[in-house]
Amino acid sequence: MKSGTVYTETVIYSAPEAFTSEAPYQVAIISLDSGGRVTGRILGERVAIDDRVAEVEERQGVPFFQKA
Amino acid sequence: MRPVAVIGAGKTAFGAFADRDLRSLAVEAGEKCLHNARVGPARIESFYLGNFAGPSFVGQNHLAPYVSTALGITGVPATRVEAACASSGSAFFHGWAEVAAGIYDVVMVAGVEKMTSQTTARVSEILATAGDCSGEMRAGNTFASLFAMIARRHMHDFGTTREHLAAVAVKNHAAGALNPDAHMRKVITIEQALKGKPIADPLTLYDCSLISDGAAAVILAPLERAREFTDQPVRVLGIAQASDYVALDQKADITTFPAVRMAGEKAYRMAGVTASEIEFAELHDCFTIAEIIATEDLGFVARGEGGPYALAGCSGLKGARPINTSGGLKAKGHPVGATGVAQICDLVLQIRGQAGERQIARHSLGLAENLGGSGATCVVSILGAA
């Protein structure tokens, strides 16, 4: 599973139609240790820029990360 | 390449118009524009329509001839241009190129979007298709959340604050309140903006542009023929379009928009002017942070200084270089496909000295910056008195 550092993040309150039942939720762009960046969701505790995160699962192609 | 002038401009009011459909809005703007340029529809040799998502918003495709024929413009090329929120800026660039190249003499460029017949959640979903739907958008992003992440990083790297963002909203609402065609004519305070309903941290409702219906149109002609049509031609001094990655996570640095920088540099070079000479501008404030970054990428201020610049009032109606005297996307409204041409109409109004209560004192050289998506398309146009 991937790990990396939070490059930026936001908590979404006003969600698109398909995600309204999940709001509020946090998304982030992660700078991966293996190089490059990926957009993913954050599970559990909220994260901030420069926090370390690790991928815990993937749902329909979307990586979900958690504070490491 | 021939010098090109805007010989006519017209637009609808922007707002939520339950009784209006897409075509009637585009036709109103087009007819006002024909009247302003004192030409009949038979004189138009080519027609461009900027529109982002008519098929999704109102279920109609093949929009360019759908609109042009309703205007009485028949037989000529009618072309729709889609480039997200820069759709009609890009249409303007292509119409300009056609006249500059000598292919046609009289070209109409219009832009239209009819958005308010959908719920906000559905509008968010349709707008999201301007992002990368195989990655960032699948994670549940909206355009507000993409710009929220841009704002977060800009705050982290440069110390930009919530007050800086709010200052942009307050300024643009103040100008919009003086614009009879604006969607929202409401003066707001910094405190109100800071306490707005959260949309995507750190952005509140007041950091976001409006979901609007509206249309705008201009007519272009070679400068040498412009006075056949109007006593007040406005010259297109410089114009450029540039592109970049669609997905935010592909960009090396999300606190700057390379497409804005590239289009700006090319447009300045073509116009033979520098950033410091630009007297006023219409910048793409889809979110408050976008205006702050645009002032930096266009060279009005150094990187990281866009926030303090707005807070100090430098870009207010009475500032040294007024920005968004129309109210911007924030208060005037943002019918996505109409925005690029509407910005051109607003420059024309100021340059001609017809901006009414919001008329500024120095108004002979203006710049419009129209941004698509989270920076994948940008069109910069520099207009001046002919």
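This is a short walk through chain A and its contact with chain B. One thing to say before starting: the model is predicted.

Let me take chain A by itself. It has five strands and zero helices. Reading from the N terminus, the order of elements is therefore simple to state: β-β-β-β-β. On overall dimensions, the radius of gyration of chain A is 11 Å, and the globule rule gives 11 Å for 68 residues, so chain A is as compact as a globular protein of that length. If you prefer a box, the C-alpha atoms of chain A fill one of roughly 35 × 25 × 20 Å along the principal axes.

Now the inside of chain A. Of its 68 residues, 38% are buried. As for the contacts in chain A with a separation of 6 or more, 37% of them join residues that are 24 or more positions apart.

Next, the contact between the two chains. How many residues does each chain put in? Chain A gives 26 residues and chain B gives 26 residues. On the side of chain B that touches chain A, the elements giving two or more residues are helix 5 (120-128), helix 6 (143-158) and strand 5 (198-200). Which of these has the largest share? That is helix 6 of chain B, with seven residues. Sorted by class, the side of chain B that touches chain A holds 11 nonpolar residues, eight charged residues and seven polar residues.

To recap: chain A has five strands and zero helices, and it meets chain B through a contact with 26 residues from chain A and 26 residues from chain B. That is all from me.

Methods: Residues numbered from 1 in each chain as written. Chains lettered and ligands numbered in written order. Predicted model: local features only at pLDDT ≥ 70, side-chain atom pairs only at ≥ 80, totals over all residues. Helix = DSSP H or I, 4+ residues; strand = E, 2+ residues; numbered from the N terminus. Rg over C-alpha atoms; globule rule 2.2 N^0.38 Å. Buried ≥ 20, exposed ≤ 12 C-beta atoms within 10 Å, placed from the backbone. Contact = placed C-beta atoms within 7 Å. Nonpolar A, V, L, I, M, F, W, Y, C, P; charged D, E, K, R; others polar.
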